[in-house]
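Please read this briefing alongside the sequence and the coordinates. It covers confidence, helix packing, selected residues and salt bridges.

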Amino acid sequence: MRVVVWITEGTWPACVDAARAHTSDDSGVVLLHVSAPDVPGVAHGAYAGLLGRGHQERDPGTRLEELGATSAALLLDAAAERLRRPCVRMERSGRPEQEVIAAVEGADLLVLARDGDRSRLGPRSLGHATRFVLDHAPCPVLLVWPETVPDTRTLPPPPPHPPHRR
């Protein structure tokens, strides 16, 4: 069984715990982290357009890329340590929702966490990228709450009934 665990800042411990609890020890686990290239890209553009040209060593985008890669590696290391079993670490860069879908091709299970409003139940507990992945994943998905599940009293009210038609 090939299991992909989507590792994101703030929710990764719950995903790793769920993978450990719901898969066998002989499952092949891939810890996946996706870095969005937008922040370094903006910094590169700002430097080139506003701050000067010709001094690539001063480009802040390069430093942001280095910091992002270091942060991702540390996050994947922490997740692997928490998993406490052999795993593969995978770092991808691009639009997170697209990269996750590409990475789970051929997988038997994807584990991910809610990343929206986690104070109440309902559709707003999912962010844009997570909703996209849920709608397009080519494999079964285990969706977990990153912390205590809100009470069922937090469910949104049902929509009003339409007026009666004859």
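The points below are grouped by topic.

This is a predicted model, in which local features need pLDDT of at least 70 and side-chain atom pairs count only at pLDDT 80 or more, while totals for chains, interfaces and linings use all residues. Residues are numbered from 1 along each chain as its sequence is written, and side-chain values use heavy atoms, with hydrogens and water left out. The protein chain has an average pLDDT of 85 (the predictor's confidence in each residue, from 0 to 100). The structure contains ten salt bridges (a side-chain nitrogen of Lys or Arg within 4 Å of a carboxyl oxygen of Asp or Glu).

**Confidence**

- A pLDDT of at least 70 is reached by 80% of the residues.
- Residues 39–45 stay under 50 in pLDDT. For this stretch the model has 13 contacts beyond four places in sequence, a contact being heavy atoms within 4.5 Å.

**Helices α5 and α4**

- Helices (H or I, at least four residues) and strands (E, at least two) are DSSP runs, numbered from the N terminus.
- Helix α5 spans residues 128–136, and its buried residues are Ala129, Thr130 and Val133. These buried residues lie on the same side of α5 because they cover an arc of only 100° around the axis, the arc being that of the directions from the helix axis to the C-beta atoms.
- Buried means under 20% relative accessible area, exposed over 50%, and partly exposed in between (1.4 Å probe, protein chains only).
- His128 and Asp135 are exposed on the other side of α5.
- The cover over the buried residues of α5 includes β1 (2–6), α4 (96–103), β4 (109–113) and β5 (141–144).
- In α4, the buried residues are Glu97, Glu99, Val100, Ile101 and Ala103. Their cover includes β1, β2 (28–35), β3 (88–93), β4 and α5.
- Glu99, in helix α4, counts as buried at 17% relative accessibility. Not counting residues up to four places away in sequence, Glu99 touches Val34, Arg92, Ser93 and Gly94.

**Arg114 and Ala14**

- Arg114 sits in the loop between β4 and α5.
- Arg114 is buried yet has no salt bridge. The nearest side chain of opposite charge is that of Asp115, 8.0 Å away; Lys and Arg count as positive and Asp and Glu as negative, with His and the chain ends not counted.
- The side chains of Arg114 and Ser125 are joined by a polar contact of 2.5 Å. A polar contact is a pair of N or O atoms within 3.5 Å; within protein, one must be able to donate a hydrogen and the other to accept it, and residues adjacent in sequence count only if both atoms are side-chain atoms.
- Leaving aside residues up to four places away in sequence, Arg114 touches Thr11, Gly122, Ser125, Leu126, Leu143, Val144, Trp145 and Pro146.
- Ala14 belongs to helix α1 (residues 12–22) and is buried, with a relative accessible area of 15%.
- Ala14 and Trp145 are 131 residues apart in sequence, and their C-alpha atoms are 7.0 Å apart in space.
- Apart from residues up to four places away in sequence, Ala14 touches Val144, Trp145 and Pro146.

**Arg84**

- Arg84 lies in the loop between α3 (60–83) and β3.
- Phi of Arg84 is near 60°, a positive value in a residue other than glycine.
- With 63% relative accessibility, Arg84 counts as exposed.

**Salt bridges**

- Arg89 and Asp77 meet through their side chains in a salt bridge (3.3 Å, N to O). Arg89 lies in strand β3 and Asp77 in helix α3, so the pair ties together parts that are twelve residues apart in sequence.
- Arg89 is partly exposed at a relative accessible area of 46%, and Asp77 is partly exposed at 36%.
- Asp17 forms a salt bridge with Arg20, with the closest N and O atoms 3.6 Å apart. Asp17 and Arg20 are three residues apart in helix α1 and are therefore separated by about one helical turn.
- Asp17 counts as partly exposed at 26% relative accessibility, and Arg20 as partly exposed at 27%.
- The side chains of Arg153 and Asp151 form a salt bridge (2.8 Å, N to O). Arg153 is exposed, with a relative accessible area of 73%, whereas Asp151 counts as partly exposed at 37% relative accessibility.
- Asp17, Arg20 and Arg82 are joined into one network by salt bridges that share partners.
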